[in-house]
Amino acid sequence: MSNVSAGFRLVRAGWVLVREGVVAALPGEELSGLPKFGWRMARLFTRRRALAYERSDRLAKAVVRLGPSYVKLGQFLATRPDVVGNDMALDLATLQDKMHTFPRAEAIVAIEASLGRKIGDLYTQFGDPVAAASIAQVHAADAVHDGIATKVAVKVIRPGVRRRFFQDLESYFLAARLQEKYIPSSRRLRPVEVTQTLAQTTKIEMDLRLEAAALSELGESTRDDPGFRVPSVDWERTGRDVLTMEWVDGVKMNDIAGLEAAGHDLKAIAANLIQSFLRHTLRDGFFHADMHPGNLFVEANGTIVAVDLGIAGRLGKKERRFLAEILYGFITRDYLRVAEVHFEAGYVPRQHNVAAFAQAIRAIGEPIHGQPAETISMAKLLTLLFEVTELFDMATRPELILLQKTMVVVEGVARTLDPAFNMWKTAEPVVGDWISGNLGPRGMMIDVRDGARALLTLARQVPELAARTDRLSREIDLMAERGLRFDETTADAIGKAEARYSRSGRWALWVIALTLVYIAWKLI
């Protein structure tokens, strides 16, 4: 029955997208056959007032009607232009994670249930909500630390949000399975895997202990960084459903007039923001992946404070080297080296020609060198780069796409602060320093040290590997003599799974068809 209810929710979502004009705004003239007929029908059922809005506004209104889980779905897909296309990703990126607040009394119930203590024992004063998003809302409160009253921010999970998210996730999985089954051309995008990634991301974001851990980790890695920090966490008052952290007094970075009135140097803030982001990415391999201006405050001394670390990105050493060498290669116009890095990292299959790939990279890099530096967008360059790599069968790299999306946002914030912002001049000191420290003699010594550790670890595992090899050899000999066999339990499980998959697909199609007939009948 879960598939039936998921089917109904999926049909309702489709109906809302039709009524709000989202489907009608798609480029349907390029379609043919049944898809084009469906697009024309969607235009007929679109609300008249929706036709007056831009596509991004239609999408925002539809998502608000559908609820918080669809806000998160939209924000997640905004990081996957490989799945939804660049234009739609840009529209989704404009979705604001702002929702109606829920009552203070419900927040108190959630806090007491999560921490097992009365609200009066935790806070000397607990105020009304000051901000609300799809998953949680924030309250101002006072707490006593070492006998001193301190103002804190308390983030509380929305009541019932997990149940709603998991219900809607069933619909997403159903849509992904149907897409893979009936639209063969979409299988290369792996919609089921994309949905699994969304499910995992959402689960992490709805456990506020993990956000607290991310704040703590980023706080430690940036402790000595000039002009950047994150709020400290109050672990005593933090649990799965509640996160208590330091209150931040500052001006939001989207308040340009407020920043100017406070006497801040906007150009210096823009440079600090970009250099901090690149420093976290290259040096630490761990970065704030939701750095829109609403999550960034500027304190009186000019320090940037980043909040809301529910989404964080990680890059391994290979990915960091890849990013640094690419950026430096474009700065120095060494396109062959940029191409070689792609092959060394294993991102482009070996059957392709390095020189041909370097030619494609040159087609991206050369046009930017004839322009004023302040007009060259690093984020746009990375977008073009990923488009070219598709021609050379480069597989989708989710961690790089998240980096690209964050860089687009951060660079956009910097240009809002300083329209003549020179991205390359600002980035060069950080990128050059990382390359000299990690790819020069010192970096080679670090690689030798890491290689020696890996060899030592492998040497310790030799006896176990030998035993496994011996067992595998015996099992292969038995398979060669008797053939590959399933036991009765495995065969029965495979049969049941296949039957269940086929049955659920048929149920879903019937539900969707009957619902559409009902809607059409009501309209007539």
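Let me start at a turn: in the hairpin of β2 and β3, where 2 residues lie between the strands, Asp146 takes a positive phi near 55°. Please keep in mind throughout that this is a predicted model. The reason for pausing on such a value is that most residues other than glycine have a negative phi.

On either side of that turn the register can be read off directly, since His145 stands opposite Ile148 in β3, and Val144 stands opposite Ala149 in β3. Strand β2 and strand β3, which covers residues 148-157, run antiparallel and are joined by 10 bridges. On its other side, β2, residues 136-145, is joined by 5 bridges to β1, residues 125-132, again in an antiparallel arrangement. Those two strands also form a hairpin, this one with 3 residues between them, and Gln125 stands opposite Asp142 in β2.

Taken as a whole, this is an open sheet of 4 strands in the order β1-β2-β3-β5, with antiparallel pairing. The edges are held by β1 and by β5, residues 242-246, and each has a single partner strand, so one side of each is left without a neighbour in the sheet. From one strand to the next, the twist averages 30°.

Two helices should be mentioned together with the sheet. Helix α7, residues 104-115, lies across β1, β2, β3 and β5, and runs at about 110° to β1. Helix α11, residues 208-221, packs on the sheet as well, touching β3 and β5, and its direction makes about 25° with that of β5.

Let me turn to the aromatic pairs, of which the structure holds 5. In one of them, the ring centres of Tyr70 and Tyr172 are 5.3 Å apart and the planes stand at 90°, so the pair is edge-to-face. This pair links distant parts of the chain, with Tyr70 in helix α4, residues 68-77, and Tyr172 in helix α9, residues 161-182, the two being 102 residues apart. Is Tyr70 buried or exposed? Its relative accessibility is 9%, and because the cut-off for buried is under 20%, Tyr70 counts as buried; Tyr172, at 9% relative accessibility, counts as buried too.

Another pair, Phe343 with Phe357, is also edge-to-face, at 5.9 Å centre to centre and with 75° between the planes. Phe343 lies in helix α15, residues 335-344, and Phe357 in helix α16, residues 354-369, so this pair ties together parts that are 14 residues apart in sequence. Both Phe343 and Phe357 are buried.

A further helix, α14, residues 317-332, has 16 residues and reaches 22 Å from its first C-alpha to its last, close to the 22 Å expected at 1.5 Å a residue. Its buried residues include Phe322, Leu323, Ile326, Leu327 and Phe330. After α14 comes Arg333, whose phi is positive, near 65°.

Asp308 likewise has a positive phi, near 60°, in a residue other than glycine. Its place is in the loop between β9, residues 304-306, and β10, residues 312-314, and with a relative accessible area of 23%, Asp308 is partly exposed.

I will finish with the protein chain overall, which has 22 helices and 10 strands. Buried residues make up 44% of its 524 residues. Among contacts between residues at least 6 apart in sequence, 67% join residues at least 24 apart. The accessible surface comes to about 27800 Å², and 56% of that belongs to carbon and sulfur atoms.

Conventions. Residues are numbered from 1 along each chain as its sequence is written. This is a predicted model: local features need pLDDT of at least 70, side-chain atom pairs count only at pLDDT 80 or more; totals for chains, interfaces and linings use all residues. Side-chain values use heavy atoms; hydrogens and water are left out. Two strands pair if DSSP finds at least two bridges between them. Axes are lines fitted to C-alpha atoms, for helices over the stretch in contact, and angles run from 0 to 180 degrees between N-to-C directions. Contact means heavy atoms within 4.5 Å. The expected span of a helix is 1.5 Å times one less than its number of residues. Buried means under 20% relative accessible area, exposed over 50%, partly exposed in between (1.4 Å probe, protein chains only). Accessible areas come from the Shrake-Rupley method with a 1.4 Å probe; for residues, only the protein chains shown count as cover. Rings of Phe, Tyr and Trp (its six-membered ring) pair if their centres lie within 6.5 Å; planes under 30 degrees apart count as stacked, over 60 as edge-to-face and the rest as tilted.
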